[in-house]
Each structure stands twice: as C-alpha cells, then as structure tokens.
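Here's a quick briefing to skim before you start poking at the coordinates. Have the viewer open, and follow along by topic.

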Amino acid sequence: MTRTRARRGEGALLREDILRAAEDLLAGSGTEEALTLRAVATRAGISTPSVYLHFADKEALLEAVCLRVWDELARLFRENDHGDPFRALGRCGRAYARFALAHPVQYRVLLMKPPLRDRAATPESAAVAPDAAAVPKGTATVPEGAAAMPEGAATVPEGMAAVPEAAAACFGHMVAVVERCVESGVLRGDPRRLALTLWSSMHGCVALLLAQPGFPWPDVDELIDQAVIVAGFGSTMLSRVPETGIPASAELAGDLDELAERLSRRRSGAEGRSGRSRTGGRSLPR
C-alpha cells in the first residue's frame, strides 16, 4: 500500500521509516544484496524517488542502516571499561567480538569490504528514476538534526577524518581503553599503535569466524577468550622484549615458566587472603 505524501516537517519521520524498512530487509535476508532502493521503497510504502530525497544512492542507504547498530558497540565499551584497566581491556575485546558476531551483515558491510563510498556505482545507484528528476544525482537531503554517527559514538581520533565512520569509531573506542592501560603502566608505548595492533587481532578473529562458517572451529567463546589473552599478554610484552638478542626457544620457555609460576603463586596468595578475610581469618576448605 502506498502511503500519503509526507507533510512539511515530517522528513525525519520518513527517513526513519526508510531505515526501518531497510533494517527489516537486511535482517530477513542476511545479505546486503537484498537491499535495493526499489525493495526498500516498496516495504516502506513510498515511491522510489522519495528514497532519493534522503539517500543519494544504495551505498549511502546501506551505510546509514548498518551504522544504526554502532551505538550498541559504544554502549558495550562504556559498560566494560571500568575498574582495573587491563581486565577492562579484556572485557572490551570480548564485547567487540561478540558484537561483530551478533551483527554479521553490518560488520561485513562496514569493516570487511572496501568503504562503501569507494565502491563502483551500481546501475541502480547511478540511474535516478524519471519522476525523481527534481533531485540532483548524487545529492541527498538529510533532515536537520540527523546525526551521521549514533549517539555515544567514540570521538574520532586526530588524523582519522578520511577514515570511514564505522572504522574510526571502533578505533576510537579501542584507543580510549588502551590509554588507561598505558597510564597504569601495564602497557607501554603509543596508545594508538597499541590499539591498532589489538584491534587487528580481534578483527582477524571475528573476520575468520564470519568468512569461514564451515570451518571446524572449537567452542567460539573459548576461541575468543584465547584470542583476547594472546593479544593482551602479547601487548604487555611488546615494549619489554629487546628488539635484538631474543633468547633461544629453550631459554625463553624457562623464563616464561618462571614468570607463570610467580603469577600463579601470587594469585594463590591473593585468593588465600581473600578467603581468610571472608571467614574471619580461617582458611577455606579445599
């Protein structure tokens, strides 16, 4: 059913209806291929030219609808970035991975393919319907107050203006968490460089999971935990290992075993003190 023409001042409502229709198509199909301007217009009950009043082409609409879930990523980082900085870093890494797996279409579109603005124009996005001649090709009229990024998105780091918004937001969230780790001393080095390394590790993990669903993966949660531990502890060693003179394998294994034993003893001692404090000084039975 075709809807009545929107009255003046209702452009923001129409834009929201278009985005909801596009979200429904993505959720129902599981692929961006189902998202055509004609299909979105039909689902929203409007004419195709009406879509062009708000989005210049399919790529602009696809980016806008995929970015709608990015506020959830910002929320997850806020909820997990508290307390001990290094432990918070681990929680944020796990939250990032689970966010990507929960929104596979959006993640693939925005972070696993070339930026939408750089893709070659499709026949649909290049040709405007005859009755939309009043809308200049490549021009989108966005209602006043319509934000490009969701509320709560991370501040775009300096020098990232040319980076697509989704990637800049992910990087900004990661830098903020890493900066606390550097301030605490657990990580050393440039927070941006460290964040880029950690982000690359987590992205590689989820990209493989999304791109190779038929691979005989172990338990996904366990795999994500291991990826977080490897990336996190690897980053702590990055500035502490000499660039030259790395010990031979056997010597390195011995040093690491000693470190692991010290950490284990320290943790056991902390757990023992905690148990005695909860039981009035008595040791808890094993």
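What follows is a short tour, from the overall fold down to individual side-chain pairs.

This is a predicted model, and the protein in it has 12 helices and 0 strands. Of its 286 residues, 36% are buried.

**Overall picture**

- Reading from the N terminus, the elements go α-α-α-α-α-α-α-α-α-α-α-α.
- Take the contacts with a separation of 6 or more: 69% of them are between residues 24 or more positions apart.
- The accessible surface adds up to about 16900 Å², and carbon and sulfur atoms own 54% of that.

**The nonpolar core**

- The largest nonpolar core holds 64 residues, and L61, W70 and Y96 have the most contacts inside it. Helix α9 (residues 165-184) is the top contributor to this core, with 10 residues.
- Which residues does Y96 touch, once neighbours within four places in sequence are set aside? The list is L73, F77, Y107, L111, C170, W199, M202 and H203.
- A176 also sits in helix α9, but its relative accessibility of 36% puts A176 in the partly exposed class. Its C-alpha is 8.7 Å from that of A195, with the two positions 19 residues apart in sequence numbering.

**Aromatic pairs**

- The count of aromatic pairs comes to 5. One of them is W70 with F99: the ring centres are 5.2 Å apart and the planes sit at 85°, so this pair is edge-to-face. Since W70 belongs to helix α5 (residues 70-80) and F99 to helix α6 (residues 85-102), the pair ties together parts 29 residues apart in sequence.
- Are these two rings buried or exposed? W70 is buried at 2% relative accessibility, and F99 is buried at 2% as well.
- F86 and F233 make another edge-to-face pair, 5.5 Å centre to centre with 90° between the planes. F86 is in helix α6 and F233 in helix α11 (residues 220-238), so here the parts tied together are 147 residues apart in sequence.
- F86 counts as partly exposed at 22% relative accessibility, and F233 is partly exposed too, at 45%.
- T236 is another residue of helix α11, and T236 is buried with a relative accessible area of 10%. Leaving out neighbours within four places in sequence, T236 is in contact with F86, V186 and L187.

**Salt bridges**

- A search of the whole structure turns up 11 salt bridges. One of them joins R68 and E23, with the closest N and O atoms 3.2 Å apart. It links distant parts of the chain: R68 is in the loop between α4 and α5, E23 is in helix α1 (residues 11-29), and the two are 45 residues apart.
- Both ends of that bridge are partly exposed, R68 at 24% relative accessible area and E23 at 27%.
- R75 and E79 meet in a salt bridge at 2.9 Å, N to O. Why are they separated by about one helical turn? Because they are 4 residues apart in helix α5.
- R75 is partly exposed at 33% relative accessibility, and E79 is partly exposed at 43%.
- D221 and R98 form a salt bridge at 3.6 Å, N to O. D221 lies in helix α11 and R98 in helix α6, so this bridge ties together parts 123 residues apart in sequence.
- D221 counts as partly exposed at 40% relative accessibility, and R98 does at 37%.
- Salt bridges with shared partners also join E16, D17, R20, E23 and R68 into one network.

**A buried acid**

- E59 is in helix α4 (residues 58-67). Its relative accessible area is 12%, so E59 falls under the 20% cut-off and counts as buried.
- E59 and L37 are 9.9 Å apart, C-alpha to C-alpha, and 22 residues apart in sequence.

**Nonpolar surface**

- M237, V241, I246, L252, L256, L259 and L263 make a nonpolar surface patch of about 540 Å².
- Which helix gives the largest share of the nonpolar patch? That's helix α12 (residues 249-278), with 4 residues.
- L263 is found in helix α12, and L263 counts as partly exposed at 42% relative accessibility.

Technical notes: Residues numbered from 1 in each chain as written. Predicted model: local features only at pLDDT ≥ 70, side-chain atom pairs only at ≥ 80, totals over all residues. Heavy atoms only, no water. Buried < 20%, exposed > 50% of the residue type's maximum accessible area, 1.4 Å probe, protein only. Contact = heavy atoms within 4.5 Å. Areas by Shrake-Rupley, 256 points an atom, 1.4 Å probe, with all protein chains shown as cover. Patch = residues over 30% accessible without salt bridge, like charges linked within 9 Å, V, L, I, M, F, W, Y side chains within 5 Å. Salt bridge = Lys/Arg side-chain N within 4 Å of Asp/Glu carboxyl O. Phe/Tyr/Trp six-rings, centres within 6.5 Å; stacked < 30°, edge-to-face > 60°. Core = buried A, V, L, I, M, F, W, Y, C linked by side-chain atoms within 4.5 Å.
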